[in-house]
Amino acid sequence: MSTDMTNGLPFMKMHGLGNDFVVLDARESGGDSFSVTPALAKAIGHRHFGVGFDQLAVISNGSGDAHLTFYNSDGSIAGACGNATRCIARFLMDETGKSSLHLTTDRGDLAARDMGDRVTSVNMGQPQLDWQDIPLAHAIDTLALPIEGAPTATGMGNPHCTFFVDDVAAIDLASFGPEIEHHPLYPERTNVQVAQIVGPDHIRMRVWERGVGVTLASGSSSCATAVAAARRALTGRKVRIDLDGGTLNIDWREDGVWMTGPTAHVFNGTLTPAFLDSLK
C-alpha cells in the first residue's frame with residue numbers, strides 16, 4: 001500500500017474473532033512518510049468519528065519478513081497483539097506465498113505458520129512469570145495475587161491479570177475491568193481476563209483490554225489465560241479457549257506459546273487528506 005500522504009493514508013481493516021484492527025503498511029516508504037502519534041491513533045480508532053479498532057498495527061521493514069508495532073485505541077503503545085499478528089501474518093503469507101514467517105515486534109521475534117484452510121498460527125514467545133518482568137509494582141507471588149479472587153499475573157509482552165470464576169457471564173466486565181486495569185500492583189496497567197474452566201482442555205473467557213475496553217477476543221489474553229490455568233493445574237498446557245467472538249487454540253510448548261485460529265481481511269480504505277489535516 002502506498003503511503004503518499006498528499007493522496008491520503010491507505011489502510012486495511014482486519015479482525016481475528018471480532019478483535020478488530022486498522023493496519024498501516026509502511027514498508028514501501030520505509031516508514032518515513034508518516035508517524036503514528038497518540039492523536040492520530042485515537043482519531044482513527046474512534047468508531048463514530050474515525051474508522052474504529054481495538055488496536056492499530058503498523059507494518060514496517062525489519063530484520064525478518066516484517067516488523068510490527070501496535071497501538072491501543074486510546075493512543076498508547078501495546079507491546080504485543082496476538083490476533084493482529086496472526087491477521088498480518090496471513091496477509092504477508094498471501095502476498096509472498098510463504099508458509100512460514102519471521103516477524104519482529106517490540107517484544108521480540110515471533111514465528112508464524114500457515115496451518116491450512118486459512119488458519120494461522122503464531123508463536124507468541126515464552127510467558128513472563130517473574131513479577132519484575134510482567135511488570136508488577138513489587139516482589140510478589142504471581143500465581144495468586146493479593147487481590148480479591150486471587151488472580152494470576154502473566155506477561156505476554158504486555159501485562160495480564162486472570163481471574164478464574166464459576167460463571168464468566170455473571171461478571172459485569174464493563175465495571176470490573178477498569179478497576180483492575182488501574183490496580184496499583186500494575187504500574188503499566190493491565191489486561192483483565194475472567195475465565196471459566198469448562199474441562200481439562202477447555203476454557204471460556206472474556207476480556208477487558210487496557211486502553212481499549214471490552215473486546216470480543218484477545219490473542220495475548222488467551223495465551224496468558226492458558227498459561228495461568230496450566231500453572232494452577234486447572235488444565236493441561238494445550239487448551240481450547242472460547243471467547244465472545246469465537247475460538248482460539250493455545251498450546252504452551254517448550255519453544256513458546258502457540259496461538260492458532262482464523263483471521264479476516266475485511267476491506268481496504270483510505271484516510272482522506274482532509275481528515276488527516278484536521279488532526280494537525
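Author: Two strands count as paired if DSSP finds at least two bridges between them. Helices (H or I, at least four residues) and strands (E, at least two) are DSSP runs, numbered from the N terminus. The model is a predicted one, in which local features need pLDDT of at least 70 and side-chain atom pairs count only at pLDDT 80 or more, while totals for chains, interfaces and linings use all residues. Residues are numbered from 1 along each chain as its sequence is written, and side-chain values use heavy atoms, with hydrogens and water left out.

Reader: Thanks! Let me start with the strands: do β12 and β14 run parallel or antiparallel?

Author: Strand β12 covers residues 202-209 and strand β14 covers residues 238-243. Within this pair, His-202 stands opposite Arg-240 of β14. Three bridges join the two strands, and their direction is parallel.

Reader: And how many bridges link β14 to β15?

Author: Strand β15 takes in residues 246-253 and pairs with β14 in the antiparallel sense. A hairpin of two residues leads from β14 into β15. Asp-242 has Thr-247 of β15 as its bridge partner. The number of bridges between β14 and β15 is six.

Reader: Just before β14 there is a loop with Thr-235. Is Thr-235 buried or exposed?

Author: Thr-235 sits in the loop between α4 (219-231) and β14. With contact meaning heavy atoms within 4.5 Å, Thr-235 touches Ile-197, Gly-199, Pro-200, Ile-203, Ala-226, Ala-229 and Ala-230, not counting residues up to four places away in sequence. Buried means under 20% relative accessible area, exposed over 50% and partly exposed in between (1.4 Å probe, protein chains only). The relative accessible area of Thr-235 is 10%, so Thr-235 is buried.

Reader: What about Gly-236: what is its relative accessible area?

Author: Gly-236 is also found in the loop between α4 and β14. Beyond residues up to four places away in sequence, Gly-236 touches Pro-200 and Ala-230. Gly-236 counts as partly exposed because its relative accessible area is 33%.

Reader: How many Å apart in space are Gly-236 and Val-36?

Author: In sequence, Gly-236 and Val-36 are 200 residues apart. From C-alpha to C-alpha, the spacing of Gly-236 and Val-36 is 40 Å.

Reader: Now Gly-261. How many Å in space separate Gly-261 from Leu-248, C-alpha to C-alpha?

Author: Gly-261 is part of strand β16 (residues 256-262), and it is buried, with a relative accessible area of 5%. Leaving aside neighbours within four places in sequence, Gly-261 is in contact with Arg-86, Val-119, Thr-120 and Leu-248. Gly-261 and Leu-248 are 13 residues apart in sequence, and the C-alpha to C-alpha spacing is 5.1 Å.

Reader: Arg-90 caught my eye in helix α2. Which residue's side chain makes a polar contact with the side chain of Arg-90?

Author: Arg-90 lies in helix α2 (residues 82-96) and is buried, with a relative accessible area of 6%. Among the residues that Arg-90 touches are Arg-118, Val-119, Thr-120 and Thr-263. A polar contact is a pair of N or O atoms within 3.5 Å; within protein, one must be able to donate a hydrogen and the other to accept it, and residues adjacent in sequence count only if both atoms are side-chain atoms. At 3.0 Å, the side-chain partner of Arg-90 is Asp-114.

Reader: On to the backbone: which peptide bond is cis?

Author: The proline of this bond lies in the loop between β8 (119-123) and β9 (152-155). Omega is near -5 degrees, and the cis bond runs from Ile-134 to Pro-135.

Reader: And is Asp-117, with its positive phi, buried or exposed?

Author: Asp-117 is in the loop between β7 (109-114) and β8. Its phi is near 55 degrees, a positive value in a residue other than glycine. The relative accessibility of Asp-117 is 79%, so Asp-117 counts as exposed.

Reader: What is the phi of Arg-189, roughly?

Author: Arg-189 belongs to the loop between α3 (173-181) and β11 (191-199). At 22% relative accessibility, Arg-189 counts as partly exposed. Although Arg-189 is not a glycine, its phi is positive, at about 65 degrees.
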